[in-house]
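This report describes selected packing and side-chain contacts. Please have the sequence and the model open while reading.

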Amino acid sequence: MNRIVQELKAIGVFYIATEDGEQPRVRPFSSVTEFEGNLYICSNNTKDFYKQVAQNQKVEICGMGKEGTWVRITGKLFCDNRDEAREAMLADPTGPSELYKLGDGIFEVFRVDDAVCTKYSMKAAPEKIEA
Amino acid sequence: MNDVVKFLTENPVQYLATAGRDGKAKCRPFMFCFEKNERLWFCTNHTKDVYKDMQKNPNVEISVSSPDYAWIRLSGRAVFENNMEVKRECMNNPIVKGQYQTADNPIFEVFYLADAHGVLADFSGNPPREYNLAAGSEQKTDVSQTAAPMKKKSFWQRLFS
């Protein structure tokens, strides 16, 4: 499994920062999956998140794990319009299928391109996590 | 203000987003210090990228969720002030004291959020609560007129996307 996906799965609730013009934004997320070896997240196109990403695809994902560790992942979100990608995300056990379905016109999945993941710890030097 | 302070205190490590100087959004874990004189105080040090980001663009947003999936989003403008009383009070936190030892450590910096706007939400079925925390003139807005109440959701739907 993609190691960055594994890290986020272990973390559970993680946070994604976007830019809204001059105002940075951040909010919790919990659904993440691997598709074609890549990290995917999802949202819906009626949300401000979607509009912000359309303006600036560069985001940062951050979450805290156990024992004083945290990861920060930079990347560029690519909105993947393929139903196969949506299906992979809908199968995620965190339950996006409870909110969305194929063809609902609002469910969107994003591939995180150029993902660079760094794991930090209070006790050790930062470590690069390769996908 | 009290609800916001309570939530931040109960969930003491939040995530702070800044506009990076490279044009990319940034976020990292960050700790709320305390409320004093109707201001929400945070601390950092001036060697960090987060400090440099805020010097260039003071707009920030903070978010955190609780173990039962309530969450806050709080935006505002970071205003740095060499407030020794606040700096001394920060040293009551052993983590901060461990990092900086004394309130007069030259790299130690404190800031408060000006024009803070907060939203507290959960999956209780109640509408999100919105707070405008301009110091001394708190207004609690009833957003039930403007925002649709969230429907009661099943366990799996208590998740964020």
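Which residues are buried in helix 3 of chain A? They are Ala85(A), Arg86(A), Ala88(A), Met89(A) and Leu90(A). The model discussed here is predicted.

**Helix 3 of chain A**

Helix 3 of chain A covers residues 83-90, and Arg86(A) lies in it. The buried residues of this helix pack against strand 3, strand 4, strand 6 (69-80) and strand 7 (107-121) of chain A. Arg86(A) has a relative accessibility of 10% and so counts as buried. Apart from neighbours within four places in sequence, Arg86(A) is in contact with Asn81(A), Leu102(A), Phe107(A), Glu108(A) and Val109(A).

Arg86(A) also takes part in a salt bridge with Asp83(A), at 3.4 Å from N to O. These two residues are three apart in helix 3 of chain A, which puts about one helical turn between them. An α-helix has 3.6 residues a turn, so residues three or four places apart point the same way. The two partners differ in burial class: Asp83(A) is partly exposed, with 39% relative accessibility, whereas Arg86(A) is buried at 10%.

**The hairpin of strands 3 and 4 in chain A**

Two of the strands that helix 3 of chain A packs against, strand 3 and strand 4, are also paired with one another. Strand 3 of chain A (residues 32-35) and strand 4 of chain A (residues 38-44) run antiparallel and are joined by four bridges. Within this pairing, Thr33(A) has Tyr40(A) in strand 4 of chain A as its bridge partner. Two residues lie between the strands of the hairpin, and Glu36(A) takes a positive phi near 55° there.

**Helix 2 of chain B**

In chain B, helix 2 spans residues 49-56, and its buried residues are Val50(B), Tyr51(B), Asp53(B) and Met54(B). Viewed down the helix axis, these buried residues fall within an arc of 160°, so they line one face of helix 2 of chain B. The strands of chain B against which they pack are strand 1 (13-19), strand 2 (25-36), strand 3 (39-45), strand 4 (59-65), strand 5 (71-80) and strand 6 (108-121).

**Nonpolar cores**

The largest nonpolar core contains 39 residues. Val4(B), Leu40(B), Phe42(B), Leu74(B) and Leu133(B) have the most contacts inside this core. Strand 6 of chain B gives the most to the core, with five residues. Val4(B) is in contact with Leu40(B), Ile72(B), Leu74(B), Leu120(B), Tyr131(B) and Leu133(B), leaving aside its neighbours within four places in sequence. A second, separate core has 21 residues, including Ile4(A), Ile11(A), Val32(A) and Val112(A).

**Salt bridges**

Over all chains, 23 salt bridges are found. Three of the pairs are listed below with the distance between N and O atoms.

| Acidic residue | Basic residue | N to O distance |
|---|---|---|
| Asp83(A) | Arg86(A) | 3.4 Å |
| Asp113(A) | Arg111(A) | 2.7 Å |
| Glu89(B) | Lys36(B) | 3.0 Å |

In the pair of Lys36(B) and Glu89(B), the closest N and O atoms are 3.0 Å apart. This pair links distant parts of the chain, with Lys36(B) in strand 2 of chain B and Glu89(B) in helix 3 (residues 84-90) of chain B, 53 residues apart. Lys36(B) counts as buried at 15% relative accessibility, while Glu89(B) is partly exposed at 29%. In the pair with Arg111(A), Asp113(A) is partly exposed, with a relative accessible area of 22%.

Salt bridges also form a network that links Asp20(A), Arg25(A), Glu61(B) and Arg73(B).

**Cysteines**

How many disulfides does the structure hold? The count over all chains is zero. The sulfur of Cys33(B) has its closest cysteine sulfur in Cys43(B), 3.6 Å away, which is too far for a bond. A disulfide would need the two sulfur atoms within 2.5 Å. Cys43(B) is accordingly in no disulfide, with the sulfur of Cys33(B) as its nearest. Cys33(B) is partly exposed, with a relative accessible area of 22%, and Cys43(B) is buried, with 11%.

Technical notes:
Residues numbered from 1 in each chain as written. Chains lettered and ligands numbered in written order. Predicted model: local features only at pLDDT ≥ 70, side-chain atom pairs only at ≥ 80, totals over all residues. Heavy atoms only, no water. Buried < 20%, exposed > 50% of the residue type's maximum accessible area, 1.4 Å probe, protein only. Arc of directions from axis to C-beta. Contact = heavy atoms within 4.5 Å. Pairing = 2+ DSSP bridges. Core = buried A, V, L, I, M, F, W, Y, C linked by side-chain atoms within 4.5 Å. Salt bridge = Lys/Arg side-chain N within 4 Å of Asp/Glu carboxyl O.
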